[in-house]
Amino acid sequence: MADPVDGESSATIRARVEKARAIQRERLASYGLHANSAMAARHIRKFCPLDESGQKLLEMVVDKLGMSARSYSRILKVARTIADLAGEENIGQMHLAEAIQYRGLDRKTF
């Protein structure tokens with residue numbers, strides 16, 4: 001907040017979010033779904049493929065942090081959404097790393 005560099009305007013962010021939502025609706029419409037958060041395991045397998053290095057990263061994190069299969073699925077859904085927001089067709093390592101970071105923050109207790 002103290003950073004003097006201007007960030008994206010609210011209008012720019014809104015446009016990016018609306019575009020990502022449209023991508024999700026289009027991708028999932030034939031399954032009766034409207035958002036990545038509603039995806040079941042079969043949808044995740046179809047729409048959240050990872051390359052070999054991404055798969056290794058996710059498996060390592062899940063093993064190291066003792067995450068459940070549910071956490072694994074949630075990370076993939078969030079990574080898919082991050083990729084959609086970036087306008088990317090595939091989930092990249094940066095998207096996956098960001099999703100893992102959010103999940104790690106979610107697990108911390110204060």
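Here are some exercises with worked solutions on a predicted model of a protein chain.

**Exercise 1: Get an overview**

Find out how many helices and strands the protein chain has, and what share of its residues counts as buried.

*Solution.*
Step 1. Start with the elements: there are five helices and zero strands in the protein chain. Read from the N terminus, the order is α-α-α-α-α.
Step 2. Now look at burial. The protein chain has 110 residues, and 31% of them count as buried.
Step 3. Turn to the surface, where the chain exposes about 7,700 Å². Carbon and sulfur atoms supply 54% of that area.
Step 4. Finish with the contacts. Among those with a separation of 6 or more, 47% are between residues 24 or more positions apart.

**Exercise 2: Check helix 1 and find its buried side**

Work out what span helix 1 should have, and compare that with the distance between its end C-alpha atoms.

*Solution.*
Step 1. Helix 1 covers residues 10–28, so it has 19 residues. Multiply 1.5 Å by one less than the number of residues, and the expected span comes to 27 Å. The end C-alpha atoms are 27 Å apart, which agrees.
Step 2. Next, pick out the buried residues of helix 1: A20, Q24, R27 and L28. They sit on the same side of the helix because they cover an arc of only 85 degrees around the axis.
Step 3. Does that spacing make sense? An α-helix has 3.6 residues a turn, so residues three or four places apart point the same way.
Step 4. Flip to the face turned away from the buried side, and you meet the exposed residues K19 and E26. The buried residues, for their part, pack against helix 2 and helix 4.

**Exercise 3: Zoom in on Q24**

Is Q24 buried or exposed, and which residues beyond its sequence neighbours does it contact?

*Solution.*
Step 1. Q24 lies in helix 1. Its relative accessibility is 7%, and buried means under 20%, so Q24 counts as buried.
Step 2. Leave out neighbours within four places in sequence, and Q24 is in contact with H34, A35, N36, T81 and D84.
Step 3. Take N36 from that list: it is twelve residues from Q24 along the chain, and their C-alpha atoms are separated by 6.4 Å.

**Exercise 4: Do the same for helix 3**

Which residues of helix 3 are buried, and which are exposed on the other side?

*Solution.*
Step 1. First the length: helix 3 has 14 residues and reaches 20 Å from first to last C-alpha, close to the 20 Å expected.
Step 2. The buried residues in helix 3 are G54, L58, V61 and V62. Their arc around the axis is only 95 degrees, which puts them on the same side of helix 3.
Step 3. On the other side, you'll find E52, K56, D63 and K64 exposed.
Step 4. Just after the helix comes G66, with a positive phi of about 65 degrees.

**Exercise 5: Explore the nonpolar core**

Which residues touch the most other members of the largest nonpolar core, and which helix gives the most to it?

*Solution.*
Step 1. The largest nonpolar core has 20 residues, and L58, I75, I91 and L96 touch the most other members.
Step 2. Helix 2, helix 3, helix 4 and helix 5 each supply at least two residues of this core. Helix 4 gives the most, with five.
Step 3. Look at I75 up close. Not counting residues up to four places away in sequence, I75 touches L58, M67, L96, A99, I100 and R103.

**Exercise 6: Follow the side chain of R80**

Which backbone oxygens does the side chain of R80 reach?

*Solution.*
Step 1. R80 is in helix 4. With 2% relative accessibility, R80 counts as buried.
Step 2. The side chain of R80 reaches the backbone oxygen of E88 at 3.0 Å. A polar atom of that side chain also lies 2.9 Å from the backbone oxygen of E89.
Step 3. Setting aside neighbours within four places in sequence, the contacts of R80 include R27, N36, M39 and F47.

Methods:
Residues numbered from 1 in each chain as written. Predicted model: local features only at pLDDT ≥ 70, side-chain atom pairs only at ≥ 80, totals over all residues. Heavy atoms only, no water. Helix = DSSP H or I, 4+ residues; strand = E, 2+ residues; numbered from the N terminus. Buried < 20%, exposed > 50% of the residue type's maximum accessible area, 1.4 Å probe, protein only. Contact = heavy atoms within 4.5 Å. Areas by Shrake-Rupley, 256 points an atom, 1.4 Å probe, with all protein chains shown as cover. Arc of directions from axis to C-beta. Core = buried A, V, L, I, M, F, W, Y, C linked by side-chain atoms within 4.5 Å. Polar contact = N/O pair within 3.5 Å; in protein donor to acceptor, adjacent residues only side chain to side chain.
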